[in-house]
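Colleague: Before I use this model at the bench, I would like to go through the terms attached to it and hear what each one rests on.

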Amino acid sequence: MNVDLTGVFKEFSTYLTDLDREKAASFCLNLLEQQRVTIPELYEFILAPSLNRIVVPRGKEDELIWREHAQTNIVRGIVERAYPYVLQQRQAFKSEGFPGKIILACPEEEYHELGIRMGADFYTITQFDVTFIGSNLPKSSIVSAVKELKPDFVAISVTNYLRLVQLNRIVESLRENFDPQVKIVVSGSAFNHTGSNAQDFGADELINSYEDVVTLARRSHEARA
Amino acid sequence: MANVISLRNVNKVYGTDIKTQVLFDINLDFEESSFNSIIGQSGSGKSTLLNIIGTLDKPTSGEVFINGTKTTQLSKDELAKVRNESIGFVFQFHYLLPEFTAYENIIMPYRIKNDTIPAEVHERAAELIHLMGLDKVKNNPATKMSGGQQQRTSIARALINNPRIILADEPTGNLDSDTTEKVYDLMRNINEKFRTMFLIITHDPRIAQKTDRILEILDGRINLDLENKAPGK
């Protein structure tokens, strides 16, 4: 859509820095209402970068962590309130058909869920049948959800790089129980920070962006056709 | 950056009649001033690996290089010299000598090899005591300090010979979460100030997730080797 994303990002960042929840929310919801940005643009060029710019150096934790959490909460509120626009934008993909069912989760002791929560909306827009089962999930709980919900895909998101250790075990367990019916996709900043890819953990694909989700949806739909 | 530790095809087998292999073809390099952790379940081979790196144990086959020196061919005395000059050890239990003060414990590794203590070693000890926040208890016997103070004393002791390498086996295993955080901060400060390389065995996710590289050992093999290049960390 036709909008200066850099300018929009700067203005939004000011509201976020000021912890002005109402201005931050109304600014974003107006952009969506006026169709000046799409959901993927809002998430990828405004909301996610505004959180990623917060770096907490050692020794500054007390000063900055509460601030980071407050800003994350504001962004989470905006994402929840954006859901009607997600459903609206889903209509554009209706003609492309059904790519499959997907479960999204984060491993045990991984509490960073906002990234995959945004990802859930990308999968929704592209016509996946989405169930977001949350963060901090033990391996056995993820396996149980897959048994019950019988998805075509499982998406696991990892932010804290120590949690990549659990990812290995989760993938092994999913392979043991559900291979080859269930494809495993992975995402999250832990992959960028360690230079890892999906294959390093036995998964099928690394999803880095909305474009990657669109590609996955189209490929899956073709395979099902 | 140069490697301060290199392992080439290291294997370790215990026993003669009944053989148990605990390490399998380990190949690793650790750069100077890096900050690394080893994680893994009990019995996975972590401590054996650390002992071999620290020349406290010998591999059954393979080579260990410390600062470029192949240690597997050194005599016992030569090994002791490399160990004393290049490596500092920190353990879960501090092993301080109870009849000596914090200060005396800290200079002990130097005193073992030298009859007299020059002014610069006293100065270094004073600097380490200050860095570790031990000024108020430096003249206390080891038994008259808290667990955190004892562990910080043992870290200062490991640093007195200005080693390029610190090997730590569960250094916070015995500490509460606040003290764990303090000990972590101290290790990081030392890593940054003196460019000391750290290799820390830990079960504590609060420590492991803050190191720059995590090695996971599983059944005697390197299962994962992850380097975190994120800013801030």
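Colleague: How do you know where the two domains of chain A lie relative to each other, and how far apart are their C-alpha centres?

Modeller: This is a predicted model, and in it the C-alpha centres of domain 1 and domain 2 of chain A lie 24 Å apart. The bounds, 5-81 for domain 1 and 95-224 for domain 2, come from the domain assignment of chain A. The contact takes 12 residues from domain 1 and nine residues from domain 2 of chain A, where contact means heavy atoms within 4.5 Å.

Colleague: What makes you place the largest nonpolar core between these domains?

Modeller: That core has 48 residues, and those with the most contacts inside it include A:Phe12, A:Ile39, A:Tyr43 and A:Tyr123. Domain 1 and domain 2 of chain A both give residues to this core, so it lies between them. Apart from it lies another core, of 34 residues, among them B:Leu128, B:Val137, B:Ala158 and B:Ile207. As for A:Tyr43, its contacts beyond four places in sequence include A:Val79, A:Val86, A:Met118 and A:Phe122.

Colleague: Why are the buried residues of H10 in chain A said to line one face of the helix?

Modeller: The buried residues of H10(A) are A:Tyr210, A:Val213, A:Val214, A:Leu216, A:Ala217 and A:Ser220. Seen down the helix axis, these buried residues of H10(A) fall within an arc of 165 degrees, and therefore they line one face. An α-helix has 3.6 residues a turn, so residues three or four places apart point the same way. On the other side of H10(A), A:Glu211, A:Glu222 and A:Ala223 are exposed, while the cover over the buried residues includes helices H3 and H6 and strands E3, E4 and E5 of chain A.

Colleague: How do you know that the span of H10(A) fits the expected value for a helix?

Modeller: H10(A) covers residues 210-224, which makes 15 residues, and reaches 21 Å from its first C-alpha to its last, close to the 21 Å expected at 1.5 Å a residue.

Colleague: Why is B:Ala125 called buried?

Modeller: The cut-off for buried is under 20% relative accessible area, and B:Ala125 has 0%, so B:Ala125 counts as buried. This residue belongs to helix H4 of chain B, residues 119-131. Leaving aside neighbours within four places in sequence, B:Ala125 is in contact with B:Tyr103, B:Ile106, B:Ile107 and B:Ile160. The C-alpha atoms of B:Ala125 and B:Leu159, which are 34 residues apart along the chain, are separated by 8.9 Å.

Colleague: Why are A:Asn136 and B:Asp25 called partly exposed, and what is the phi of each?

Modeller: Partly exposed is the range between the 20% and 50% cut-offs; A:Asn136 has a relative accessible area of 29% and so falls in that range, and B:Asp25, at 48%, therefore counts as partly exposed too. Phi of A:Asn136, which is found in strand E2 of chain A, is near 50 degrees, a positive value in a residue other than glycine. For B:Asp25, found in strand E2 of chain B, phi is near 45 degrees and likewise positive in a residue other than glycine.

Colleague: What makes E2 and E5 of chain B edge strands?

Modeller: The open sheet has four strands in the order E2-E1-E4-E5 of chain B, with antiparallel pairing. E2(B) and E5(B) each have a single partner strand, so one side of each is left without a neighbour in the sheet. E4(B) and E5(B) pair over two bridges, with B:Phe65 opposite B:Lys70; at least two bridges are needed for pairing, so this pair meets that cut-off.

Colleague: How do you know which way the partners of E9 in chain B run?

Modeller: Four bridges join E3(B) to E9(B), and these strands run parallel, with B:Arg213 as the bridge partner of B:Asn36. E9(B) and E10(B) pair over six bridges in the antiparallel sense, and there B:Ile217 stands opposite B:Ile222. E9(B) is also mostly covered, five of its six residues being buried.

Conventions: Residues are numbered from 1 along each chain as its sequence is written. Chains are lettered from A and ligands numbered from 1 in the order in which they are written. This is a predicted model: local features need pLDDT of at least 70, side-chain atom pairs count only at pLDDT 80 or more; totals for chains, interfaces and linings use all residues. Side-chain values use heavy atoms; hydrogens and water are left out. The expected span of a helix is 1.5 Å times one less than its number of residues. Buried means under 20% relative accessible area, exposed over 50%, partly exposed in between (1.4 Å probe, protein chains only). The arc is that of the directions from the helix axis to the C-beta atoms. A nonpolar core is a set of buried Ala, Val, Leu, Ile, Met, Phe, Trp, Tyr and Cys residues joined through side-chain atoms within 4.5 Å. Domain bounds come from an automatic or database domain assignment.
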